[in-house]
Structure formats: structure tokens, C-alpha cells
Amino acid sequence: MLTGIKQYSWILTLWVGCWPGLVRAQPPTPNRLTLTQALELAQTNYPSLRSKLASIRAAEADQQGVHQSFLPQAGVQAQLLNATSNQVRGAYVSNGGLLLPISGVRTDDFSGKAAWTSGTSLVIDWEAITFGRRQVRRNQAQLAIQQAQADFEGEVFTHQVKVCDAYLLALNAQKSVALQTVNLERAQALQTIIRASTEGGLRPGIDSAVANTEVARARLQVLESQQIAQQQVLRLTELVGQPNPVVQLDSLGFYDQLPVLAITPTTGSLHPQLRAFQKGLDLSQANLDGLKAAALPSISLLGSLQGRGSGIGKSPQADGTFSIDPTLGAGLPLRSFNYIVGVTAIWRPSDLLRTKYALTAQRERINALQQQYNQQTLALKTADQNATLQLELAQLRAQQAPLQLDAARQAYGQAQARYESGLDNILTLTQATALLNRAEVDQALTTNSVWRALLLRAATAGDLDSFLQQLSR
């Protein structure tokens, strides 16, 4: 049995000896990243937040476009055409401009002879009375900006919570690396002492084999903790928008003190995630008002100046026909002018029937948004109660962790003393060492869990400042 253990220890020693550089090698000097810097970088660099900012700018540009649409509309055109002048008496419908009007008067038969015609016009049209549509459109444009802004703020809040949680997880992973490194150094120191004792015949060979096994196990734990730490840091820096697995984090006193756990009642302001829903409801209601106003009449002021030229003669000839001059110079100069000044009123009563169903559809959309708002409110209330419970439980665990650590240290000291005096064997010492390592890790985990529970409470309350202010104490 002893021979098997010795062979196993030699195998572990040779295997671990192939990887000393992974633990002892010094990595490149990493950048340091505080939580405040991480939050600032995330808001500046993360693509989804930049997308929300672009949506705000788009809504602001739409608002400017709406304001411009309220100004008088002016149009200028000029045309030069070469066409025949045949015409028949009677009505026709243009049908979307597919049949173009041709003016001209001929008393003889039809002719394919063409002449040049020219025309210019200036038309100014201003919708002076809209029966509330103008104000509704202003409200829609303003609410669209507010909805985009609330959506951005909600996304920023959610993302900042993610960054804070990822920072705490990465910080805990790096703390685990430090603790496992200390555990490795402790195992290596014991290995050195036992090796000298066994070579001097003061200890049995199995003690050296067990010490070698413990060193190998400690190295594996360091390697595993390093892998987890790099993964957590990479996840954090991805949320920041600058992936970098070798960033060093600033502990900011997270492990030196516990936060103040007094739970203050939430303020009257809406949760950032609820504000986006509320602004969406307001915008939908404005769209409903817009549909109601769309069926009302509109009254516009109209003014126009027109001039036309033609190669067709001004007056009939002796035979009753009009002379046609096909040259460009005859049709290009303007020779008749007109103006129009007046008021136009347009109302389509049939829009009332169409609007009736559009209003019904919009009311159902508002109802759907309201139910989503209620669902989000219910979820936040449940999450807030859960966060309060988690914070209380984390506090209780944090009170027990130091007691466990003190007991583990005492047990380790006693086991080490008994082993050195020959009153106990190596297995008892290794068990005490494992208990101490576990207690050190639990101490870090419980402290970190209190901060994460406080972050969860701040996230459900919609007040991240209550968490960030703890860092400056």
C-alpha cells in the first residue's frame, strides 16, 4: 500500500512539475479598472446604449421636421413641352396623372402638327386651421423624444446593474486566485519541512507523498481559479465595450467592510424600466388623439402666380382655325398670366367610418401596453421582496463567516502543533488545511454576496446611487 502511494506521489510531482510557469510566470502588466470607470466606459462604448442615443437623435430630428411642416408650403415649377393641340370637348378623369391634359382649340380637322408651350407657376399653400391636429402632432413629436429618452435611461440603468454585478463576480474570482495562491504557498512551505524531515528519517515516507499530493492539488486549484477569473473579467470587459481578460480590478474596500444594510423605502419616482413603459403609453394615447383629429376638416389659405406661353396663335384666322408656329422661339416666351388667392376647405365624411375602426385598434394597443406595464410592475414588486430577503440572509451569513474562519485558523494551528510534536498524523493536518482554505474562500464569498444582495436591492428599487454611495464610505 505504501509503495502504491509513493508511486502515485511521484506521478503527481512529475505532472505538476511540467507546469510551474503557469503559476509562477508573471503576466504582462494589466490595466487597472475601477467600478466607476467601468460604468463610464460602458455608457460611452457599449453598442446597445449608443443605439438608444441614436434613437433619441432621430426623434429630435423628427420633431424638427414636424415643426417645419407647419410652415406655409411653397412650390415652384417651370416646364417646356412640345405637343400637338388636338382636343375634344367633354370630361375625363386623370386617374393619378396617367392621362395628361392637352389644351388647344381647333375648328378644323385633327392635326399632328406640334407646337412648343411653356409655363411657370408659384403656389403657396398654408393649412391655417387644423382643428387641433397641429397641437396633436407637436405632442406626438415631443412624447416620441421623451419615450426614446426614457428607453435610453432604462437601458442604461439595466446595463449598469449588469456591469456592477459582473464587476463583483470578477472581483470575487480574482480574490479566489489570491486565496488559492496563499494556500499553495502554505502547502509548499509544509512540503519543504516534511521533505527535510523524511530525508532525515524523522518522518515516514507517506508524509512526503501526502505533502506532494497537497501541493499538486493546490496548484490545480490556483489554475482553476485563474481560468475562472479570466472568464469573469472577460465578461465584465465585454459589457464595458473593451474586451480584455488581463484587467486588474480595484477592490474599493469591498472586502474591508460590509455595506450599511438599512433598507430605506423607495421614492415616489417611477422605476427606470417603468418610465419607458409609461412614456410608451403616453405616446400611444397621443396617437389616439391624432386619429380622432384626422377625421376633422382642414382650412387652408392658397395663393398662386402662373404664366404660360404657346406657339399656337392668340386669335383665330379668317377660316376659324388657329395658326401653329412650331419654332421654339414662338412657344418659349410667356404671354398670359394669372393669379389665384383664396381659401380652401376639405372634409371627407367617409373618414369617420375608417377612423372608427382605427380608433378601436389603437385602444386595444393601449390596453396591451397597459397590461405589459402592469406585468412589469408586478415583476418588480416580487423582485423587490425577494431582494429584501436575500439581503437579510446575506447579512446573517456574513455574521457567521468570521466565526467559521476563526475556528478554522485555530484548528489549523492546533493540528500543525500536534503534527510537529508527533501527536497526530499528516492526514489530520491536511484536513485542517483544507478546512482553513474553505473558510477563507467562504469569508470572501459571503462578504461579496452582501454587496451583490445590496446591488439586487438597489436594482429592484430603481436607485443605483444607494449602492454606489456605499463605495465612498
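This is a short tour of a predicted model, with a suggestion at each stop for what to select in your viewer.

**The whole protein**

Start with everything shown as a cartoon. The protein has 473 residues, and 35% of them count as buried. Colour by secondary structure and you can look for eleven helices and six strands. Now switch on the surface: its accessible area comes to about 27500 Å², with 57% of that belonging to carbon and sulfur atoms. Before you zoom in, here is one point about how the chain meets itself. Taking contacts between residues at least 6 apart in sequence, 85% join residues at least 24 apart.

**The sheet**

Next, select strands E2, E3, E5 and E6. These four strands form an open sheet, and E2-E3-E5-E6 is their order across it. Which strands lie at the edges? They are strand E2, residues 73-84, and strand E6, residues 336-346, each of which pairs on one side only. Turn the view to look across the strands: neighbours in this sheet are rotated by 20 degrees against each other on average, with direction ignored. The pairing in the sheet is antiparallel. As general background, strands of a sheet pair through backbone hydrogen bonds, either parallel or antiparallel.

Stay here and narrow the selection to E2 and E3, the latter covering residues 114-129. How many bridges link this pair? There are twelve, in the antiparallel sense. To see one position across the pair, pick Gln79 and look for Gly119 of E3, which stands opposite.

**Asp165 in helix H5**

Now move to helix H5, which spans residues 133-199, and select Asp165 within it. Is Asp165 buried or exposed? With a relative accessible area of 18%, Asp165 falls under the 20% cut-off and therefore counts as buried. Show side chains and add Arg452: a polar contact of 2.7 Å joins the side chains of Asp165 and Arg452. Leaving aside residues up to four places away in sequence, Asp165 touches Arg452 and Leu455, so bring Leu455 into view too.

**Gln372 in helix H9**

For the last stop, select helix H9, residues 350-420, and find Gln372 there. Gln372 has a relative accessible area of 41%, which lies between the 20% and 50% cut-offs, so this residue is partly exposed. Finally, add Leu274 to the selection and draw a distance between the two C-alpha atoms. Gln372 and Leu274 are 98 residues apart in sequence, and their C-alpha atoms are 9.9 Å apart in space.

Technical notes: Residues numbered from 1 in each chain as written. Predicted model: local features only at pLDDT ≥ 70, side-chain atom pairs only at ≥ 80, totals over all residues. Heavy atoms only, no water. Helix = DSSP H or I, 4+ residues; strand = E, 2+ residues; numbered from the N terminus. Buried < 20%, exposed > 50% of the residue type's maximum accessible area, 1.4 Å probe, protein only. Pairing = 2+ DSSP bridges. Axes fitted to C-alpha atoms, helices over the stretch in contact; angles between N-to-C directions. Polar contact = N/O pair within 3.5 Å; in protein donor to acceptor, adjacent residues only side chain to side chain. Contact = heavy atoms within 4.5 Å. Areas by Shrake-Rupley, 256 points an atom, 1.4 Å probe, with all protein chains shown as cover.
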